[in-house]
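Grab a pencil and keep the model open beside you. These exercises are meant to be tried before you read each solution.

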Amino acid sequence: MKCVGCGAELEPGALLCPSCGRVVSSEDVAKSKARSGQLTKKEFYKLPGMKSCRGNIRGCAIILYFCSGMTILASVLMQVLTSSSVMDGFQISASIIDGVLLLALGLWLQFGKSRICAIITLCYGIFNMVMVAIANGQVQGWLIPLAGGWAIAYTFKFHSLWRKYEKSGELPDEAVK
């Protein structure tokens with residue numbers, strides 16, 4: 001790797017340039033790796049300019065974790081507080097499955113940064129919201145489609161910037177700053 005300031009060759013893992021004394025930042029390392037085509041998708045995701053994508057994707061996943069926990073907790077409490085008939089048992093099992101599915105979508109979104117997961121989350125949230133509105137006559141569960149829409153915006157932004165880097169071999173300004 002070369003120093004961004006003076007062009008001197010740097011030792012792997014160097015924190016300072018031996019020639020000009022410039023501090024080697026993670027941005028400098030990323031730029032150097034980007035020039036040589038060695039920047040991985042994981043390293044790209046950790047760039048300073050990707051902070052908003054990281055935070056928003058993580059925020060969407062946290063919303064899904066919260067909804068999952070509340071769904072499972074409500075299901076368990078309903079089972080404890082009510083008598084269990086066959087139909088009640090089916091509804092409770094469906095609620096637990098719903099909670100586990102939301103947990104899985106949150107994990108897939110956070111660790112996979114998947115656009116497909118974001119789209120599934122939006123569609124699943126809208127479907128659930130409509131079904132609850134039909135069953136109860138009230139609109140509930142709007143937080144899941146909101147998280148899905150939000151996740152779509154930021155997963156697509158991340159993948160768009162990554163594709164720009166892959167095509168040009170240069171880091172987009174938006175990803176660095």
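**Exercise 1: Around helix 5**

Helix 5 is followed by G137, whose phi is positive, near 75 degrees. Keep in mind that you are working with a predicted model.

Task: Find what caps the N-terminal end of helix 5.

Solution.
- Step 1: Go to the N-terminal end of helix 5, where the cap is S114.
- Step 2: Look for the contact itself: a side-chain oxygen of S114 lies 3.2 Å from the backbone nitrogen of I116.
- Step 3: Now look at K113, in the loop between helix 4 (86-112) and helix 5. Its phi is near 50 degrees, a positive value in a residue other than glycine.
- Step 4: Decide whether K113 is buried or exposed. Buried means under 20% relative accessible area, and K113 has 15%, so this residue counts as buried.

**Exercise 2: Helix lengths**

Task: Check what span helix 5 should have at 1.5 Å a residue, and what distance separates its end C-alpha atoms.

Solution.
- Step 1: Helix 5 has 22 residues.
- Step 2: The expected span is 1.5 Å times one less than the number of residues, which gives 32 Å for helix 5.
- Step 3: The end C-alpha atoms of helix 5 are 31 Å apart, which agrees.
- Step 4: Repeat this for helix 3, with 31 residues: from first C-alpha to last it reaches 44 Å, close to the expected 45 Å.
- Step 5: Finish with helix 6, whose 26 residues reach 38 Å, close to the 38 Å expected. Just after helix 6 comes G169, with a positive phi of about 80 degrees.

**Exercise 3: One face of a helix**

Task: Work out why the buried residues of helix 5 line one face of the helix.

Solution.
- Step 1: List the buried residues of helix 5: C117, A118, T121, Y124, G125 and N128.
- Step 2: Look down the axis of helix 5: its buried residues fall within an arc of 130 degrees, so they line one face.
- Step 3: Recall the general rule: an α-helix has 3.6 residues a turn, so residues three or four places apart point the same way.
- Step 4: Turn to the face of helix 5 away from its buried side, which carries the exposed residues I116 and I134.

**Exercise 4: The largest pocket**

Task: Describe which helix supplies the largest share of the lining of the largest pocket.

Solution.
- Step 1: Start with the space, about 630 Å³ in the largest pocket.
- Step 2: Its lining is made of 18 residues, and T71, D98, N128, V132 and G141 lie nearest the centre.
- Step 3: Helix 3 (51-81), helix 5 (115-136) and helix 6 (143-168) each supply at least two lining residues. Helix 5 has the largest share, with nine.
- Step 4: Sort the lining by type: 11 nonpolar, six polar and one charged.

**Exercise 5: Residues in helix 3**

Task: Find how far apart R58 and A151 are, along the chain and between their C-alpha atoms.

Solution.
- Step 1: Locate R58 in helix 3. Its relative accessibility is 42%, so R58 counts as partly exposed.
- Step 2: R58 and A151 are 93 residues apart along the chain, yet 9.0 Å separates their C-alpha atoms. A151 is one of the buried residues of helix 6.
- Step 3: Try Q79, also found in helix 3. With a relative accessible area of 41%, Q79 is partly exposed.
- Step 4: Q79 and S93 are 14 residues apart in sequence and 9.6 Å apart in space, C-alpha to C-alpha.

Methods
Residues are numbered from 1 along each chain as its sequence is written. This is a predicted model: local features need pLDDT of at least 70, side-chain atom pairs count only at pLDDT 80 or more; totals for chains, interfaces and linings use all residues. Side-chain values use heavy atoms; hydrogens and water are left out. On a 1 Å grid over the protein atoms alone, a cavity is a set of points where a 1.4 Å probe fits but cannot get out, and a pocket is an open set with protein on both sides within 12 Å along at least five of seven lines; lining residues have an atom within 4 Å of a point. Grid points are joined across faces, edges and corners, and a volume is the space filled by probe spheres set on the points. Helices (H or I, at least four residues) and strands (E, at least two) are DSSP runs, numbered from the N terminus. Ala, Val, Leu, Ile, Met, Phe, Trp, Tyr, Cys and Pro count as nonpolar, Asp, Glu, Lys and Arg as charged, and the others, Gly among them, as polar. Buried means under 20% relative accessible area, exposed over 50%, partly exposed in between (1.4 Å probe, protein chains only). The arc is that of the directions from the helix axis to the C-beta atoms. A polar contact is a pair of N or O atoms within 3.5 Å; within protein, one must be able to donate a hydrogen and the other to accept it, and residues adjacent in sequence count only if both atoms are side-chain atoms.
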